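Biologist: Could you walk me through this protein chain, one question at a time? I am new to reading structures, so please show me how you reason.

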Amino acid sequence: MTVGEVTPLEQPAEGPFTTRQLLRLDEALRIADQATGLNFSIYLGELGEPVRAAAEELHRKTRNHQRSVLIAVSPNQRKLEIVTGSEARKRISDRDAKLAGLSMAASFAGGDLAGGLLIGIDQLATHAGRS
């Protein structure tokens, strides 16, 4: 490899993430699911208006939505929504979700979309605890 050459894992995949970032996000979601017994997912893209209602509609389409946690991010709209199903909400309070959201927003503001999502998944899973 020459200086400045980018490895395949560092090249952008389809979208805003490199292959390495996608693998890390996939692994974080898998670990969060296994550790908590909840179903974590990410939506990245435009959200309709009103944003919260659009995120809730996406959440309803997740598998076993009562046990699901959806992190919906619309970078162009500068919006972040965390939606929890009825079972997940018993373990992740609104305060916990807001704290995770603030951490994610700080990373997003610094230009680190993947890092912010990783932080959010970790914080939400930690708050949810073991299944």
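**A walk through the model**

Modeller: Gladly! Let's begin with Val 69: leaving aside neighbours within four places in sequence, Val 69 is in contact with Leu 38, Asn 39, Phe 40, Ser 41, His 59, Ile 82, Val 83, Thr 84, Ala 88, Ile 92 and Leu 124. Please keep in mind that this is a predicted model.

Biologist: Which residues have the most contacts inside the largest nonpolar core?

Modeller: In soluble globular proteins, nonpolar side chains tend to be buried together. Here the largest nonpolar core has 24 residues. Those with the most contacts inside this core are Phe 40, Val 69, Ile 92 and Leu 124.

Biologist: And which element gives the largest share of this core?

Modeller: The elements that give two or more residues to the core are α1 (19-36), β2, α4 (94-109) and α5 (113-128). Among them, the largest share is eight residues, and this share comes from α5.

Biologist: How many residues are in the second, separate core?

Modeller: Leu 47, Val 51, Ala 72 and Val 83 are included in this second core. It is separate from the one we just discussed, and its size is seven residues.

Biologist: Let's turn to a helix. Do the buried residues of α2 fall within a narrow or a wide part of the circle, that is, within what arc?

Modeller: An α-helix has 3.6 residues a turn, so residues three or four places apart point the same way. In α2, the buried residues are Val 51, Ala 54, Ala 55 and His 59. Seen down the axis of α2, these buried residues line one face of the helix, because they fall within an arc of 145°.

Biologist: What covers the buried residues of α2?

Modeller: His 59 is a handy example, as this residue lies in helix α2. Not counting residues up to four places away in sequence, His 59 touches His 65, Ser 68, Val 69, Leu 70, Val 83, Thr 84 and Gly 85. For the buried residues of α2, the cover includes β2 and β3.

Biologist: Is His 59 buried or exposed?

Modeller: A residue counts as buried under 20% relative accessible area. His 59 has a relative accessible area of 4%, so His 59 is buried.

Biologist: Now for the charged side chains. How many salt bridges does a search of the whole structure find?

Modeller: Side chains of opposite charge can pair when their charged atoms come close. One of these pairs is Arg 63 and Asp 33, whose side chains meet at 3.7 Å, N to O. Over the whole structure, the number of salt bridges found is six.

Biologist: How many residues apart are Arg 63 and Asp 33?

Modeller: This pair links distant parts of the chain. Arg 63 is in the loop between α2 and β2, whereas Asp 33 is in helix α1, and the two are 30 residues apart.

Biologist: Which of those two partners is buried, Arg 63 or Asp 33?

Modeller: Arg 63 has a relative accessible area of 57%, so Arg 63 is exposed. With a relative accessible area of 18%, the buried partner is Asp 33.

Biologist: Which residues do salt bridges that share partners join into one network?

Modeller: Take first the pair Glu 81 and Arg 52, whose side chains meet in a salt bridge at 2.8 Å, N to O. Glu 81 is in strand β3 and Arg 52 in helix α2, 29 residues apart. A further salt bridge, at 3.2 Å, N to O, pairs Lys 90 and Glu 87. The network made by shared partners joins Arg 52, Glu 56 and Glu 81.

Biologist: I would like to finish with the backbone. Which residue is joined to Glu 49 by a cis peptide bond?

Modeller: Most residues other than glycine have a negative phi, and most peptide bonds are trans. At the bond in your question, omega is about -10°. The partner of Glu 49 is found in the loop between β1 (39-44) and α2 (51-60), and its name is Pro 50.

Biologist: Is Arg 78 buried or exposed?

Modeller: Arg 78 is in the loop between β2 and β3 (79-84). Its phi is near 60°, a positive value in a residue other than glycine. Relative accessibility is 75% here, and a residue over 50% counts as exposed, so Arg 78 is exposed.

Biologist: What is the phi of Asn 64 near?

Modeller: Asn 64 lies in the loop between α2 and β2 (68-74). With a relative accessible area of 41%, Asn 64 is partly exposed. Its phi is positive, in a residue other than glycine, with a value near 45°.

Notes: Residues numbered from 1 in each chain as written. Predicted model: local features only at pLDDT ≥ 70, side-chain atom pairs only at ≥ 80, totals over all residues. Heavy atoms only, no water. Helix = DSSP H or I, 4+ residues; strand = E, 2+ residues; numbered from the N terminus. Buried < 20%, exposed > 50% of the residue type's maximum accessible area, 1.4 Å probe, protein only. Contact = heavy atoms within 4.5 Å. Core = buried A, V, L, I, M, F, W, Y, C linked by side-chain atoms within 4.5 Å. Salt bridge = Lys/Arg side-chain N within 4 Å of Asp/Glu carboxyl O. Arc of directions from axis to C-beta.
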